[in-house]
Amino acid sequence: MTTVEERQPEQHAFEADVSRLLHMMVHSVYSDKDVFLRELISNAADACEKLRYDSISQPGLSTDGIPPGILVTLNEEARTLVVEDNGIGMTRNEMIDALGTIARSGTKAFMERLDAAKAGEKAELIGQFGVGFYSSFMVADKVDVISRRAGQEEAWKWSSDGKGSYDIVAIDSVEAPTRGTRVVLHLMEDAKRYTDKWTVEKIIRDQSGHVPVPIRLVDKEAAEPAQISDGAALWTKQKSEISKRDYDDFYRGISGQYDEPLTNVHFRAEGRHEYTTLAFIPGSQPFDLFDPDRKGRMKLYVKRVFITDDAELLPRYLRFVRGIVDTSDLPLNISREMIQESPVLTAIRKGITSRILNALEKMADSEPETFAKFWGLFGAIVKEGIYEDFERRPQLLKLARFHTTAVEGATRSLADYVAGMKEGQSSIYYISGSNLEQLNASPQLEGFRAKGIEVMLLTDSVDSFWPTNVPDFEGKSFKSVTQGLADLNEIAGEAGSDEEKQEASSEVVAFIDFARGALGQEVADVRVSGRLTESAVCLVASEHGPDRQLEKILQGAGRLQTASKPILEINAQSQLVMNIASIDDNTFREDAAWLLLDEARILDGDKPVNPRAFAERQARLFTLAMGQGK
Ligand SMILES: Nc1ncnc2c1ncn2[C@@H]1O[C@H](COP(=O)(O)OP(=O)(O)OP(=O)(O)O)[C@@H](O)[C@H]1O
């Protein structure tokens, strides 16, 4: 067997993505390099918490009675900064996995976004993400990680200059911590300020003052360590003892985001269940907001021991909330699998969901501007709840805000909408699509606009689903303006908007009959429109079945084999239509009918049925109009 001394370092190449990330770090545009320390301290604290957790089932892991702690040591002469913890440590293989690849989905997402960002946006984007251990290479030209896994004899040293490869070598026990990890940063010349006691102390207090593990600092060899933070969990303190700054720092520490949270919800529940929650509504969108797995990131603690950040502590439509729940009602040794089924957790989930929604309601009433910002960031996510949380639907509908035709650049609540309904109006009208401007210009809105009837403009993808699923708001049903007959005659319009509608002339009726025959298989019907005032044509869906937008989405997702045919509505008062109807020539009429259908499709954001035939028909009509045809 080889002894430790005889072993040669093994060289490993970094995974391609790591090399790319490191390159970015070294040549970083990071405005604030201080964050590397927060990342290292956060890893050290996680390692201590992991040991605390694993020791519950394997008490042998930490029998030495040494309390968890993080020690930061500075050496000005050697130009080193060391972060050491007595946590779980890493085996050789764990080092290779954790420090040679990119395991964090967040880091992957970060790199994708960074690649896509324009030059000017990069710095801002980087500021929103924590990028973990690799951020050390912003300030160090060499990093050593010496680690011994709790309960194991052997110790390993990982070293790299961040340029494509790293070495791993077994080292003598005396050179390693008894347990845990020591990260040694050999600082670059221009990063030597990180050996200055006051600088580092300030950074730790500012960034990491609330990690739940005590932090000490040594600034000179053999000096007594100074305690910088006591590791008391912020959430156990009284609200009155906590400043806004404390809350914000804590939020940044647990969320890995750098923004200022919009609000926090901090309460202690007593009675049937005992738990404390400290939750934050972020001030910017987390990177994983639109991930398909829709996972939340609330952390579960039992009696201050971190258990998991994988428990579903909130419904998915509140997945942007960051924070912790600490309870004494679960056993410490509960397995992560058992947690999901625990009735205690169900009760906690209910409790904190209510508190968060109540806090949002309060914000909407007392701080409408903050709420508008909140809705801009997370409204599309909260609306998923309208669709999937039957029990809380009324509360979510009350919270929801929408763009409507009534005001530009601002949003309205459903209560605002209902208050502005016209006499005889029994439905809440909406139109859905992906682009606000395009929706605003939809011909289907014309009749509603002319009568001053407000229409909600729904642009989030979830908007195509929930209105068909929700029977009503305060007794008013939801109705798409692109579906069924527009019975606008029943509704009293604004003064001056109610001129008598002319009946369709017999010529127009004849043209409509002709078009119905000519367009045959493409449309379910051709009829006189009750909703157009300016445009000549538009497409609508039949009364029953999905609205046009929903149908497109379902078809795009392969969930509809055959789309139902649209109805072509014709504006009998349009000058164009009347002119067309007056020409008694079937070739011309056929061209006109197809062109009108194609026009309606284009107005809907679609393509003509047959682009070539469309071009030919258009050419024939142009030629005719220029007086050269026939
Ligand atoms: N001090 C440490 N002790 C034990 N393991 C560590 C330590 N530092 C890093 N690691 C391991 O390296 C991995 C990568 O660390 P990195 O900071 O890049 O991301 P992360 O900590 O997983 O992400 P996040 O910051 O979102 O929790 C960690 O998940 C952990 O497994």
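**Strand 23 and its partners**

I began with strand 23, residues 567-570. Ile567 and Glu569 point one way from the strand, while Leu568 and Ile570 point the other way. I checked burial as well: all are buried, Glu569 included. I note here that the model is a predicted one.

Next I looked up the pairing of strand 23. Strand 21, residues 525-528, runs parallel to strand 23, and four bridges join them. For the register I took Asp525, which stands opposite Ile567 in strand 23. Strand 22, residues 537-540, also pairs with strand 23 over four bridges, but in the antiparallel sense. Here Leu539 stands opposite Leu568. So I have one parallel partner, strand 21, and one antiparallel partner, strand 22. I remind myself that strands of a sheet pair through backbone hydrogen bonds, either parallel or antiparallel.

**The six-stranded sheet**

I then traced a sheet of six strands. The order reads 16-15-18-17-20-19, and the sheet is open. Its pairing is mixed. I looked for the edges and found strand 16 (412-413) and strand 19 (472-473), each pairing on one side only.

Inside this sheet I picked strand 17, residues 427-432, and strand 20, residues 476-480. They run parallel and are joined by four bridges. Tyr429 stands opposite Lys479 in strand 20.

**Helix 16 against helix 18**

I moved to helix 16, residues 506-519, and compared its axis with that of helix 18, residues 575-582. The two axes come within 8 Å and cross at roughly 80 degrees. Angles of 65 to 115 degrees count as roughly perpendicular, so helix 16 is roughly perpendicular to helix 18.

I listed the residues that meet. From helix 16 they are Glu507, Val508, Ala510 and Phe511. From helix 18 they are Val577, Met578, Ile580, Ala581 and Ser582. By class this contact holds seven nonpolar residues, one polar and one charged.

**Helix 16 against helix 19**

Helix 19, residues 586-603, was my second partner for helix 16. Their axes come within 9 Å and cross at roughly 75 degrees. That angle makes helix 16 roughly perpendicular to helix 19 as well.

Helix 16 contributes Phe511, Phe514, Ala515, Ala518 and Leu519 to the contact. Helix 19 contributes Arg589, Glu590, Ala593 and Leu597. I count by class seven nonpolar residues, no polar ones and two charged. Phe511 turns up in the contact with helix 18 and again in the contact with helix 19.

**Around the ligand**

Which residues come nearest to the ligand? Of the 19 residues around it, I found Asn43, Ala47, Ala98, Gly132 and Phe133 nearest. Helix 2 (35-57) and helix 3 (92-100) are the elements that give two or more residues to the shell. Helix 2 supplies the largest share, six residues. I sorted the shell by class: seven nonpolar, eight polar and four charged.

**Lys244**

Last I looked at Lys244. Is Lys244 buried or exposed? I find 10 other C-beta atoms within 10 Å of Lys244. A residue counts as exposed at 12 or fewer, so Lys244 is exposed. Lys244 lies in helix 7, residues 244-255. I also took its separation from Asn264, 20 residues apart along the chain: the C-alpha atoms of Lys244 and Asn264 are separated by 9.7 Å.

Methods
Residues are numbered from 1 along each chain as its sequence is written. This is a predicted model: local features need pLDDT of at least 70, side-chain atom pairs count only at pLDDT 80 or more; totals for chains, interfaces and linings use all residues. A residue is near a molecule or strand if its C-beta atom, placed from the backbone, lies within 6 Å of it. Ala, Val, Leu, Ile, Met, Phe, Trp, Tyr, Cys and Pro count as nonpolar, Asp, Glu, Lys and Arg as charged, and the others, Gly among them, as polar. A residue is buried if 20 or more other C-beta atoms lie within 10 Å of its own, exposed if 12 or fewer, and partly exposed in between; C-beta atoms are placed from the backbone. Two strands pair if DSSP finds at least two bridges between them. Axes are lines fitted to C-alpha atoms, for helices over the stretch in contact, and angles run from 0 to 180 degrees between N-to-C directions. Angles under 35 degrees count as roughly parallel, over 145 as roughly antiparallel, 65 to 115 as roughly perpendicular and the rest as oblique. Two residues are in contact if their C-beta atoms, placed from the backbone, lie within 7 Å.
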